[in-house]
Every structure is written in C-alpha cells, then in structure tokens.
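Please open the structure in a viewer and keep the sequence panel visible beside it. The tour proceeds by selection, and each stop states what is to be found there.

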Amino acid sequence: MTYLIVGASSDIGKALIKKINNEAKNLIEKPVIIGHYRSSKDELDKLANECMNIELRLIKADLSSEHEVLAFVDNIKEYTENVDTFSKIKDFVLDYLIAL
C-alpha cells in the first residue's frame, strides 16, 4: 500500500504518519508513505526514525510553482513501484496544478 501525504510536516500530516505506522504493526509488508514537505524536513527525519512499521520517503516541493509540481510528480514516480498507483497520484497532483 502506498500513501501520499501532502503537507506531511504539518501537525495533521505527522498525525497521519503516526496513525498509519500504528495500524501497520501487524502487516507483513510495510506501507510506503510518500511525504511532501516544503521546508521543514528535520521533524520528518526524526519521525521516520521513530516509525518502524512504515517506509517514509520524503519529497521537497513548493506546490505553488508549476516547475516544482512537475518535478514532484517525477520524484513520486521514483518512489512507486506500482504503475497504477503512480498514475492515480500523478492525476491527483496534475488536477491540483490545474486548479491553481
């Protein structure tokens, strides 16, 4: 299972990461969380070290910049092994860009 959390460094984002980590205790395969952040990576690095039941992969991007949104999508592709998952995430992010 792969999750995308936009704004992972926010209080809500960190709470979601902790919730997924707690719910993943009994899973055979660790869920992957792709965590977006704009500038606050230190707290996410600390959280990644605390959460042993997930794989937390972090991507920095300013989502108000079209160039960085497109780079964000490319980075997501590197972190997702499942083509269908990437396609869904890409569509979500590109819809977001169009809405701006």
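The stops below lead from the whole chain to the sheet, its crossovers and a few individual residues.

**The whole chain**

Begin with the entire chain selected, and bear in mind that this is a predicted model. A cartoon representation coloured by secondary structure will show four helices and three strands. Followed from the N terminus, the elements run β-α-β-α-β-α-α. A surface representation may be added next: the accessible surface of the chain comes to about 6,600 Å², and 50% of this area belongs to carbon and sulfur atoms. Of the 100 residues, 36% count as buried. A contact map offers another view of the chain: among contacts between residues at least 6 apart in sequence, 56% join residues at least 24 apart.

**The sheet**

Hide the helices and retain the strands. What is the order of the three strands in the open sheet? The order is S1-S2-S3, with parallel pairing. Strand S1 (2-5) and strand S3 (55-60) are the edge strands; each has a single partner strand, so one side of each is left without a neighbour in the sheet. From one strand to the next, the twist averages 20°.

Now select S1 together with S2, residues 32-37. Four bridges join these two parallel strands. Two pairs of residues serve to check the register: Thr2 stands opposite Val32, and Ile5 stands opposite Gly35. Between these strands the chain passes through H1, and this β-α-β crossover from S1 to S2 is right-handed.

Restore helix H1 (residues 11-23) to the display. Helix H1 lies across S1, S2 and S3, and runs at about 165° to S1.

Move the selection to S2 and S3. Six bridges join this parallel pair, and Gly35 stands opposite Leu58 in S3. Helix H2 (residues 42-50) carries the chain from S2 to S3, and this β-α-β crossover is also described as right-handed.

**Strand S2**

Select S2 alone and colour its residues by relative accessibility. Why is S2 described as largely enclosed by the rest of the structure? Six of the six residues of S2 are buried, and the strand is therefore largely enclosed. Displaying the side-chain directions divides the strand into two sets: Val32, Ile34 and His36 point one way, while Ile33, Gly35 and Tyr37 point the other way.

**His36**

Within strand S2, centre the view on His36. Is His36 buried or exposed? Its relative accessibility is 7%, so His36 counts as buried, the cut-off being under 20%. Apart from neighbours within four places in sequence, a contact selection around His36 returns Ile5, Val6, Gly7, Ala8, Ser9, Ile59, Ala61, Leu63 and Phe72.

**Leu56**

Proceed to Leu56, which is placed in strand S3. Leu56 has 17% relative accessibility and therefore counts as buried. With neighbours within four places in sequence left aside, its contacts are Ile17, Ile33, Gly35, Leu44 and Ala48. A distance label can be drawn from the C-alpha atom of Leu56 to that of Lys30: the two residues are 26 apart along the chain, and these atoms are separated by 9.8 Å.

**Asp62**

Continue to the loop between S3 and helix H3 (66-79), where Asp62 lies. Asp62 is likewise in the buried class, because its relative accessibility is 17%. Which side chain makes a polar contact with the side chain of Asp62? The partner is the side chain of Arg38, at 3.4 Å. Beyond four places in sequence, Asp62 is in contact with Arg38, Glu68 and Val69.

**Lys77**

For the last stop, select Lys77 in helix H3. The relative accessible area of Lys77 is 51%, so this residue counts as exposed, for which the threshold is over 50%. Finally, label the C-alpha to C-alpha distance between Lys77 and Lys90: the two residues are 13 apart in sequence and 8.4 Å apart in space.

Methods: Residues are numbered from 1 along each chain as its sequence is written. This is a predicted model: local features need pLDDT of at least 70, side-chain atom pairs count only at pLDDT 80 or more; totals for chains, interfaces and linings use all residues. Side-chain values use heavy atoms; hydrogens and water are left out. Two strands pair if DSSP finds at least two bridges between them. Axes are lines fitted to C-alpha atoms, for helices over the stretch in contact, and angles run from 0 to 180 degrees between N-to-C directions. Contact means heavy atoms within 4.5 Å. Buried means under 20% relative accessible area, exposed over 50%, partly exposed in between (1.4 Å probe, protein chains only). Accessible areas come from the Shrake-Rupley method with a 1.4 Å probe; for residues, only the protein chains shown count as cover. A crossover is right-handed if, with the strands pointing away from the viewer, the path from the first strand over the helix to the second runs clockwise. A polar contact is a pair of N or O atoms within 3.5 Å; within protein, one must be able to donate a hydrogen and the other to accept it, and residues adjacent in sequence count only if both atoms are side-chain atoms.
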